Amino acid sequence: MQVSAARQRLIIPKGKNLIGAFHQPKLVVIDVDTLKTLPQRDIRAGLIEVIKMGVIRDEPLFERVEENLEAILNLDDTTLIEIISQACVNKAEIVAKDEKESGLRMVLNYGHTFGHALEAMTHYNRYRHGEAVSIGMHCAAQLATNLRMFSETDFQRQRALLKRAKLPITFPTDLIPRSVM
Ligand SMILES: [Zn+2]
């Protein structure tokens with residue numbers, strides 16, 4: 001109940017995460033056992049944030065996910081702790097350098113511009129957040145590749161991992177791409 005109340009406060013008709021205050025946590029607690037209570041769909045969706053971190057600034061982390069995808073999806077403790085803590089180290093480094101999202105921190109939004117739009121367009125009930133971000137990362141990577149800001153090899157590598165993780169990458173055919181804007 002508390003979660004849905006919190007969600008409602010963050011979501012406005014134009015989308016989510018558009019209003020709010022910056023408030024740094026005093027402590028970050030991660031209990032990988034909690035993941036074992038979730039359906040596979042949520043595990044796969046959650047993994048997108050680790051994959052995203054790999055793409056935006058940590059190639060070895062991306063490689064680790066490529067090499068250990070099965071162990072991750074089978075919720076192997078050691079592998080999970082390793083990749084989740086590495087993703088957190090990256091996030092903490094970014095946030096420490098740019099607390100108020102004035103520049104660097106915007107890299108954390110990779111895939112989220114399209115992703116948040118997709119979530120809003122489908123009224124937050126078709127996709128898990130991570131699934132919408134997966135489609136968003138694919139769209140952003142495609143756009144960046146077209147603009148020659150992302151190499152075709154990296155684009156294909158990201159695409160292959162998202163597909164192996166059974167995350168969606170295709171823009172839904174019943175939505176008009178222009179309405180994302
Ligand atoms: Zn996210």
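Which element gives the most to the lining of the second largest pocket? Keep that in mind while we look around this structure, which is a predicted model.

Let's start with the pocket itself. The second largest pocket has a volume of about 160 Å³. Three elements each give two or more residues to its lining: α3 (40-57), α4 (59-73) and α8 (152-164). The answer to our opening question is α3, which gives 4 residues.

Now look at who lines the pocket. You'll find G54, V55, I56, R57, D58, E59 and F62 there, along with F150, D154, R157 and Q158. Sort the residues of this lining by character and you get 5 charged, 4 nonpolar and 2 polar.

Next, try finding residues 12-44 in the model. An unreviewed UniProt entry annotates this stretch as "domain: 3-dehydroquinate synthase N-terminal". Over these residues the chain is 27% helix and 9% strand. If you go from one end of the stretch to the other, the end C-alpha atoms are 26 Å apart.

Finally, let's check out some cysteines. Is C139 buried or exposed? C139 is buried because its relative accessible area is 18%, and the cut-off for buried is under 20%. C88 has a relative accessibility of 31%, so C88 counts as partly exposed. And what about disulfides? A disulfide is a covalent bond between the sulfur atoms of two cysteines. How many disulfides does a search of the whole structure find? The search comes back with 0.

Methods
Residues are numbered from 1 along each chain as its sequence is written. This is a predicted model: local features need pLDDT of at least 70, side-chain atom pairs count only at pLDDT 80 or more; totals for chains, interfaces and linings use all residues. Side-chain values use heavy atoms; hydrogens and water are left out. UniProt positions are given in the numbering used here, feature names are shortened, and annotations may be inferred rather than shown by experiment. A disulfide is a pair of cysteine sulfur atoms within 2.5 Å. Buried means under 20% relative accessible area, exposed over 50%, partly exposed in between (1.4 Å probe, protein chains only). On a 1 Å grid over the protein atoms alone, a cavity is a set of points where a 1.4 Å probe fits but cannot get out, and a pocket is an open set with protein on both sides within 12 Å along at least five of seven lines; lining residues have an atom within 4 Å of a point. Grid points are joined across faces, edges and corners, and a volume is the space filled by probe spheres set on the points. Ala, Val, Leu, Ile, Met, Phe, Trp, Tyr, Cys and Pro count as nonpolar, Asp, Glu, Lys and Arg as charged, and the others, Gly among them, as polar.
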